[in-house]
Amino acid sequence: MVIFISSFVSLNAQQTKIDSLKFLIENTKTDTAKINLYENLGQAYRDEQKIDSGIFSYKQALQLNEKYNYSLLKQRWELACIDFMLYTTGNYAESLQYALQEMAVTKKTKDNYHLGYVQLVFGHDYKGLGEYRKSLDHYFKAKGFFATYKLSVKEPEVITYTNLCISEVYLKINQPDSALIFAQQAYQSAKADWADQARKNTSIETNYVLYSWRVYGDIYAAKGDHKTALHYYRQYISGFKKYKENNRDLGFVLNNMAKIFQKNNQNDSAGFYAKEALSNATKYKDQQNIYDAANLLYILNDSLKNASQALKYFKIAQAAKDSMASIEKIKQIQLLTFNEQVHEKEQSDAEAKTAARTRLIIIIASILCLLITFLTWNRIRQLRLKYKAILEQKEVEKLKTKHEKEMLELEAKALRAQMNPHFIFNCMNSIKLLIQQQNEEKAINYLTTFSKLIRTIFQNSDKREITLYDEIETCRLYTQLESLRFENKFTYTFSVDETIDLKLLMVPALIIQPFIENAIWHGIMPKDECGCVNIIVKRENENVFCIIDDDGIGRETSSLNKFKTGDSTHQSKGVHLTQSRIDLYNILNQRNGSVEIIDKQNEHGKATGTSVILTFKEY
């Protein structure tokens, strides 16, 4: 009677608290204050096991919180309460949806400890849906987050609980040995805190010890060790009563004990524990345990020819079985719905990433174009200032100064003649076209090669001499760009004698490129069919020969074409400038370089192309 009165007073006080919170919510005008009140109301409903009302209250708090962007930490707590309570009601798909939201909010707060809790909810939901492999994956992720957090703060009870969850899932996929390993780890860590926590009836460590005993019993029952299983089950029941636990797990233990006694032909004990299990399962409307207990009692009574009792328990078992089938269908529908939503979100994210990547390429290309334009203008300005300073210097060593000035003037002219501004703009237009065609890979390749060429030209443009290695690399980049721009119009090869140390031989900067440009533009491009340009570097008698060979239309036909179009000066000026540069190169450096141009013909006297031979002393 005293217990009944105490319970009544407690329930009445709890209901008074709920009514008081409702009144405050209705009469509070400040929305941010309502957030806290809704949270308190949700917790009050949760304490009263009115889970649906608790979920609704927390959702109201979350809605206001998101509307006013009140507090990320509170949003995280509200989402955590919602997804866990949805899990306890068996609404796994909706629980997963709120867990995804909780994950996003938690990442913003950079809280590894809470990220572990979110992973636990994922694991619980997938376990409830029967997706055990996914469940294990999330439990192990939870362990990782907790381990990271433990580097600064010790939280052994979280690892204990996670290990027990992992152990249970391994048992469900028929891996009792793996389950035993994690159960042992959990039990040892739970026992380590037993001395400090045993006096607290609501201690989480005490609950973990009980949880460990139950899991041990399940494992040894699965392994067929009935004696050890019963030992742990009895410890669990004793601790359950001592600490006044209140949960449906007792039903699993009682049913498993009943099954063990049945297998050992101890029917009286089997019947006793089956009835206890049925009573506990009925209290929690636990259809699985109701079915297991009722089915076992049906079998026992049927074997004893007790028809009326057998029929009674048969009907209870069938009703529970039908309910379980309905629940299973709901689970499958929930899983399909959630997977479809996840797929749609992943597809949407992928499309957003593609669009963002395209925008990024366009932005980078635009910035690069502006940068190149600025660098070109700045370089020209610097060259003009440099030339002006040189011209203003006093004459020292008149003959040498004169040659140096001529060299600088020729280099400036050669630079402008060789790297035609139209080439730069044509390259930019080609890149723009590739981006518009969404040919991202080719655009990036083209843009990368072009930027390398421009950078190389800027680096070498103020140098009188560069290594033959750098000159060949510049020519490779230029030829590659022209080949990319004029697809299938010509092929090219670079054949270099590997015995030559190109990095030791110095040559005038950009001395070879004009001849490659002439070969492509005046030899190959006017042809109707595809052409070929070969660049050969070889050694003979302490001389290094750089040969630019093409199978174009030849100089004579090219001259006639340029006469018709009015452009008769480009090639002759380029060749003249190059010859002048080599002459000055020989005078200033005491070298013996030369240029030879050969017009190739077949046996009928028809032009078959042009060969240009540049000769340099190796030492």
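This note goes through the structure point by point, from its overall make-up to particular helices, rings and strand residues.

1. Overall make-up. The model is a predicted one, and the comments below should be read with that in mind. The protein contains 23 helices and seven strands, and of its 619 residues, 44% are buried. Taking the contacts between residues at least 6 apart in sequence, 63% join residues that are at least 24 apart.

2. Nonpolar cores. The largest nonpolar core holds 60 residues, and the members that touch the most other members are Y236, I237 and M257. Helix α11 gives the most to this core, with nine residues. A second core, separate from the largest one, has 48 residues, among them C427, L434, L453 and F515. Returning to Y236, and leaving aside residues up to four places away in sequence, this tyrosine touches L210, W213, R214, N247, D249, L250 and V253.

3. Helix α6. This helix covers residues 112–128, and the distance from its first C-alpha to its last is 25 Å, close to the 24 Å expected for 17 residues at 1.5 Å a residue. Most of α6 is covered, since 15 of its 17 residues are buried. At the start of the helix, a side-chain oxygen of D111 comes to within 3.0 Å of the backbone nitrogen of Y113. After the helix comes G130, which has a positive phi, near 85°.

4. Helix α9. A student may like to check the length of this helix, which runs over residues 176–192: at 1.5 Å a residue, its 17 residues should span 24 Å, and because the end C-alpha atoms are indeed 24 Å apart, the two values agree. The buried residues of α9 include A179, L180, F182 and A183, and further along the helix A186, Y187 and A190 are buried as well.

5. Aromatic rings. Across the whole structure, a search finds 22 aromatic pairs. One of them is formed by Y161 and Y211, whose ring centres are 6.2 Å apart and whose planes meet at 50°, so that the pair is classed as tilted. Y161 belongs to helix α8 (residues 156–172) and Y211 to helix α11 (residues 204–222), and the pair therefore ties together parts that are 50 residues apart in sequence. The two partners can also be compared by accessibility: Y161 counts as partly exposed, at 23% relative accessibility, whereas Y211, at 13%, counts as buried. Elsewhere, Y113, Y117, F146 and Y149 form one aromatic cluster. A charged residue also meets a ring, for K503 lies over the face of Y469, at 4.8 Å from the ring centre.

6. Residues in strand β7. S611 is found in strand β7, which covers residues 607–617, and T610 is found in β7 too. S611 has a relative accessible area of 8% and is therefore buried; T610 is likewise buried, with a relative accessible area of 8%. The side chain of S611 makes a polar contact with the side chain of D549, at 2.3 Å. When residues up to four places away in sequence are not counted, S611 touches I548, D549, E596, I597, I598 and K600. On the same basis, the residues that T610 touches include I548, D549, D550, G554 and R555, and I597, I598, D599 and K600 are also among them.

Notes. Residues numbered from 1 in each chain as written. Predicted model: local features only at pLDDT ≥ 70, side-chain atom pairs only at ≥ 80, totals over all residues. Heavy atoms only, no water. Helix = DSSP H or I, 4+ residues; strand = E, 2+ residues; numbered from the N terminus. Buried < 20%, exposed > 50% of the residue type's maximum accessible area, 1.4 Å probe, protein only. Polar contact = N/O pair within 3.5 Å; in protein donor to acceptor, adjacent residues only side chain to side chain. Contact = heavy atoms within 4.5 Å. Phe/Tyr/Trp six-rings, centres within 6.5 Å; stacked < 30°, edge-to-face > 60°. Lys NZ or Arg CZ within 6 Å of the ring centre and 35° of its normal. Expected span 1.5 Å × (residues − 1). Core = buried A, V, L, I, M, F, W, Y, C linked by side-chain atoms within 4.5 Å.
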